[in-house]
Amino acid sequence: MKQIIHIGLCGLFLSACAHHRDVRPGDDGIHRVVIQTDDKEEGSRDAIAQANDFCEERHKYAAVIQENQKYTGTMDEQSYNKVKTASTVAKTVGGAAYVFGGKNESNVGGIMGLGGVAADAATGKGYTIEMKFRCK
């Protein structure tokens, strides 16, 4: 029983640290968040949330100094976005066919969904979001 409680407490402790996992504290009071993401807007929201959490732990608020969004993928950005869109469609349509289709449709849907997952994984996270902030 003690082991179960110990494991549960360790898991709780580790999950508490995950709220600002990408924050890099700076000696000069200027901190950075660097995030690899496949969606610029989502990455920016995540960076702001991590900065806010980091500062809230210090009973302060995050003041953004600078934010940069940069495409860092291995293929050209337009192709990257087309592959990401196609993989999302394949996962969604394939998943629906797998769940709601008959036997043949389920098989095709499963293959299509797996193809979407594979394409998504192969393209990786093509954007780097870097945000500098100060806790005030």
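**View 1. Helix 2 rests on the sheet.** Helix 2 (residues 40-56) lies across strand 1, strand 2, strand 3 and strand 4, and its direction is about 25° from that of strand 4. Helices here are DSSP runs of H or I with at least four residues, strands are runs of E with at least two, and both are numbered from the N terminus. Axes are lines fitted to C-alpha atoms, for helices over the stretch in contact (heavy atoms within 4.5 Å), and angles run from 0 to 180 degrees between N-to-C directions. Keep in mind that this is a predicted model, where local features need pLDDT of at least 70, side-chain atom pairs count only at pLDDT 80 or more, and totals for chains, interfaces and linings use all residues. Residues are numbered from 1 along each chain as its sequence is written, and side-chain values use heavy atoms, with hydrogens and water left out.

**View 2. Here's the sheet itself.** It's an open sheet of four strands in the order 1-2-4-3, with antiparallel pairing. Strand 1 (23-24) and strand 3 (62-71) sit at the edges with a single partner strand each, so one side of each has no neighbour in the sheet. Two strands count as paired if DSSP finds at least two bridges between them.

**View 3. Zoom in on strand 4 and its partners.** Strand 2 (residues 30-37) and strand 4 (residues 127-135) run antiparallel and are joined by eight bridges. Look for I30 with its bridge partner R134, and Q36 with T128. Strand 3 also runs antiparallel to strand 4, through nine bridges, and K70 of this pairing stands opposite T128.

**View 4. Now for the largest nonpolar core.** This core is made of twelve residues, among them V33, I35, A47, F54, I129 and F133. Strand 2, helix 2 and strand 4 each give two or more residues to it. A nonpolar core is a set of buried (under 20% relative accessible area, 1.4 Å probe, protein chains only) Ala, Val, Leu, Ile, Met, Phe, Trp, Tyr and Cys residues joined through side-chain atoms within 4.5 Å. Leaving aside neighbours within four places in sequence, I129 is in contact with residues including V33, I35, G43, A47 and E67.

**View 5. Helix 3 and helix 4 pack together.** Helix 3 (residues 77-100) and helix 4 (residues 103-123) pack at an angle of about 155°, with axes 7 Å apart. They're therefore roughly antiparallel (over 145 degrees). Among the residues that meet are Y80, G94 and Y98 from helix 3, and G109, G113 and T123 from helix 4.

Conventions. Buried < 20%, exposed > 50% of the residue type's maximum accessible area, 1.4 Å probe, protein only. Parallel < 35°, antiparallel > 145°, perpendicular 65-115°, else oblique.
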